[in-house]
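The following paragraphs lead through the model shown below, beginning with an interface and then turning to a sheet and to charged pairs.

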Amino acid sequence: MEGIYLDNNATTMVDPVIVEEMLPYFTDQFGNPSSMHAFGNKVGFAIKKARKQIQELLGAEHDSEIIFTSCGTESDSTAILSALKAQPERNEIITTVVEHPAVLTLCEHLEKEGYKVHYLKVDAKGRLDLSEYQQVLSERVAVVSVMWANNETGTIFPVREMAEMANRAGVMFHTDAVQAVGKIPMDLKSTKIDMLSISGHKLHAPKGIGVLYLRRGVRFRPLLRGGHQERGRRAGTENTASIVGLGKATELAMEHMEFENTTVAAMRDRLQEGILDAVPYSFVTGDPDNRLPNTCNIAFEYIEGEAILMLLNKQGIAASSGSACTSGSLEPSHVMRAMDIPYTAAHGSVRFSFSRYNTMAEVEKVIEVVPPIMAQLRKLSPYWDGDRPLDEPEKAFAPTYA
Amino acid sequence: MWDYSETVKEHFYNPRNAGAVEEANATGDVGSLSCGDALRLTLKVNPETEVIEDAGFQTFGCGSAIASSSALTEIVKGMTLDDALTVSNQDIADYLEGLPPEKMHCSVMGREALQAAVADYRGEEWSDDHEEGALICKCFAVDAVLIEETVRANNLKTVEEVANYTKAGGGCASCHEGIEEILAMVFEEKGETFDPTADVIPAVESTPETLVAGATGMTNLQRIRKIEKVIESLRPQLQLDGGDVELVDVMGDTIYVNMTGACNGCQMAAMTLGGIQQRLIEELGSFVKVLPSTEMPKTAAGV
């Protein structure tokens with residue numbers, strides 16, 4: 001595929017090695033792992049192997065703590081709803097204002113059903129205030145659900161510490177780690193994290209496969225009831241080929257962990273530096289000192305993200321934006337708004353997210369292409385005059401609200 | 001990715017009349033920064049003839065906002081102010097060969113900028129007459145504020161009634177949960193409880209005779225009268241959008257209608273026809289097909 005793909009937080013290419021590994025499970029190895037005959041048996045072993053591979057990447061104590069699901073969203077829903085079902089006497093949830101919609105929309109829905117949800121706020125760099133968190137932890141809380149790393153900014157939350165705090169208060173702790181798994185090292189057995197969500201397609205496995213890590217001994221109620229698959233914790237015939245693919249993907253992620261945190265991080269840093277040097281009135285959002293190695297989110301002031309993406313796309317560059325228009329909603333990204341990024345910048349925020357398949361040559365090409373695009377759009381902007389914004393731009397151009 | 005027409009993309013990549021017009025004597029600033037769209041339209045108007053001699057735009061917004069602004073300036077250049085005021089947002093969308101429903105507000109912004117600029121030239125005060133809420137129905141681009149206001153004004157009780165009045169929910173039906181929530185909220189304000197299973201107040205009165213006669217038991221005349229009545233009941237909502245519909249002929253199970261005004265040539269015309277057909281099937285209790293009169297057999301139409 002031609003083009004420069006810098007949208008790996010949205011989804012990733014399936015590694016060709018992984019595809020190779022998966023293919024037999026569509027044809028020769030088509031058996032149902034639950035079957036008693038030889039057709040099913042081998043497939044059962046392949047799933048067992050994948051479970052081991054994932055256990056290793058997560059640093060889980062037992063392979064039975066790995067439950068295969070259909071996606072990250074299913075894992076999130078299973079975890080949160082299980083905690084509520086298993087503890088009907090508890091009716092509060094703690095989460096953050098910057099969670100992925102997979103958690104946020106569910107929490108908003110649960111509020112309508114009568115649950116009380118505490119949304120932890122973030123500061124201008126997207127960081128949590130742990131004393132605010134401590135204050136809302138109580139025996140009324142059924143579960144805390146806090147993402148390990150933010151999908152838009154890459155900002156990492158102190159989930160190990162937060163899990164300890166929850167544990168001391170006797171509260172279950174879940175983390176949506178779909179962006180963090182495979183990018184930063186984990187050792188769950190040494191943490192107090194009770195549940196954790198993974199999404200296969202974020203780490204070069206295919207779409208349609210996810211994992212819920214469930215610490216042994218944590219009270220659990222399944223979302224899907226039916227057959228005895230996954231020890232009755234997630235009924236439904238296993239997505240065998242994708243499970244095998246995810247197993248291989250986690251193995252490759254382990255091998256590339258250092259590469260991710262050195263070479264990939266260096267490409268990301270070079271891109272950020274190159275763009276900030278060449279484009280005035282642009283800045284990094286989130287917490288650059290504490291974020292995923294592959295992500296940077298840059299806000300370009302006085303222009304709008306969808307227009308930026310369309311012009312980047314014309315040059316074969318793929319990225320994503322927190323502007324309202326890209327989502328079809330009227331508000332810009334809730335993550336940008338939570339950090340109090342002004343509207344004139346929030347709509348122009350662009351996320352560049354790398355993978356181990358990117359190259360430094362691609363980075364240099366993007367650095368070359370980006371500045372003229374921003375200049376071109378600013379020429380059209382009512383907030384812009386010549387080579388800089390208007391004085392007091394939001395006063396000089398204050399349109400009638402429509 | 002949005003399904004933009006080639007014309008939208010072309011106007012975005014190569015916008016016409018970008019930048020402020022020199023010696024402009026009319027300016028219209030509209031938009032909402034929180035929504036990510038804002039537009040300044042500048043016009044140079046000939047004071048003698050009131051002809052727009054030049055038009056320019058500056059836009060903070062997405063691809064379709066920039067394309068809509070570009071189209072607007074192309075459309076109005078050379079028009080008199082009075083003629084320019086008749087340009088509708090649909091005209092802008094048509095010029096661009098259509099916009100996705102979520103993006104129709106970009107064309108609305110263009111028309112509003114034009115009204116604001118003309119008001120500015122004439123020394124009048126321009127105020128926006130509608131507030132825009134979150135988009136609920138994506139098939140027909142209907143937002144929450146419009147639904148809420150229509151529910152209040154007409155004392156609507158069911159999702160079906162909302163669809164009949166606003167078109168919201170009349171397409172793919174995926175927004176019915178959202179519409180129910182708005183209904184429940186308005187009910188709660190009145191101290192009542194929303195009942196999603198409530199029957200619609202029948203638009204066509206059921207008399208013992210019609211009940212006995214049923215769909216198949218109707219005479220041709222009764223049947224045509226009923227079709228007429230249903231179409232009549234649908235006109236007010238179309239007129240709200242500046243359109244209209246009239247019954248042309250009935251041939252067996254095929255009903256021919258004329259779509260006029262904003263409905264004529266509107267990309268939504270096909271979906272509107274679908275809505276009319278659905279309603280007629282429900283009311284008649286038998287299958288009918290609704291087609292535009294342009295598809296009538298020529299001899300039958302007497303042409």
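**Domains, sheet and salt bridges**

Between domain 1 of chain A and domain 2 of chain A, an area of about 2,300 Å² is buried, and carbon and sulfur atoms contribute 57% of this area. The structure is a predicted model, and every value given here is to be read accordingly. On the side of domain 1 of chain A, the residues that lose the most area to domain 2 of chain A are Glu152(A), Thr153(A) and Lys183(A), which together account for 29% of what that side buries.

The two parts that form this interface are set by the domain assignment of chain A, in which domain 1 covers 16–253 and domain 2 covers 256–396. Contact between them involves 28 residues from domain 1 of chain A and 26 residues from domain 2 of chain A. The separation of their C-alpha centres is 30 Å.

What kinds of interaction are counted across the boundary between domain 1 of chain A and domain 2 of chain A? Twelve residue pairs are in polar contact, with both residues at pLDDT 80 or more. Where domain 1 of chain A touches domain 2 of chain A, its residues comprise 13 nonpolar, nine polar and six charged. For salt bridges, the rule returns zero across this interface. That criterion requires a side-chain nitrogen of Lys or Arg within 4 Å of a carboxyl oxygen of Asp or Glu.

Over all chains, by contrast, a search of the whole structure yields 28 salt bridges. One of the pairs that meet in a salt bridge is Glu364(A) with Arg270(A), at 2.8 Å from N to O. Glu364(A) belongs to helix α12 (residues 360–380) of chain A and Arg270(A) to helix α7 (residues 240–278) of chain A, so that distant parts of the chain, 94 residues apart, are linked by this pair.

Attention now turns to the sheet. Four strands of chain A form an open sheet in the order β9-β10-β13-β12, and their pairing is antiparallel. At its edges lie β9 (282–284) and β12 (320–321) of chain A, each of which pairs on one side only. Strand β12(A) runs antiparallel to β13 (residues 349–353) of chain A, and two bridges join them. Within β13(A), Arg351(A) is the bridge partner of Ser320(A).

Methods: Residues are numbered from 1 along each chain as its sequence is written. Chains are lettered from A and ligands numbered from 1 in the order in which they are written. This is a predicted model: local features need pLDDT of at least 70, side-chain atom pairs count only at pLDDT 80 or more; totals for chains, interfaces and linings use all residues. Side-chain values use heavy atoms; hydrogens and water are left out. Domain bounds come from an automatic or database domain assignment. Contact means heavy atoms within 4.5 Å. Buried area is the accessible area (1.4 Å probe) that two parts lose on being put together, summed over both. A polar contact is a pair of N or O atoms within 3.5 Å; within protein, one must be able to donate a hydrogen and the other to accept it, and residues adjacent in sequence count only if both atoms are side-chain atoms. Ala, Val, Leu, Ile, Met, Phe, Trp, Tyr, Cys and Pro count as nonpolar, Asp, Glu, Lys and Arg as charged, and the others, Gly among them, as polar. Two strands pair if DSSP finds at least two bridges between them.
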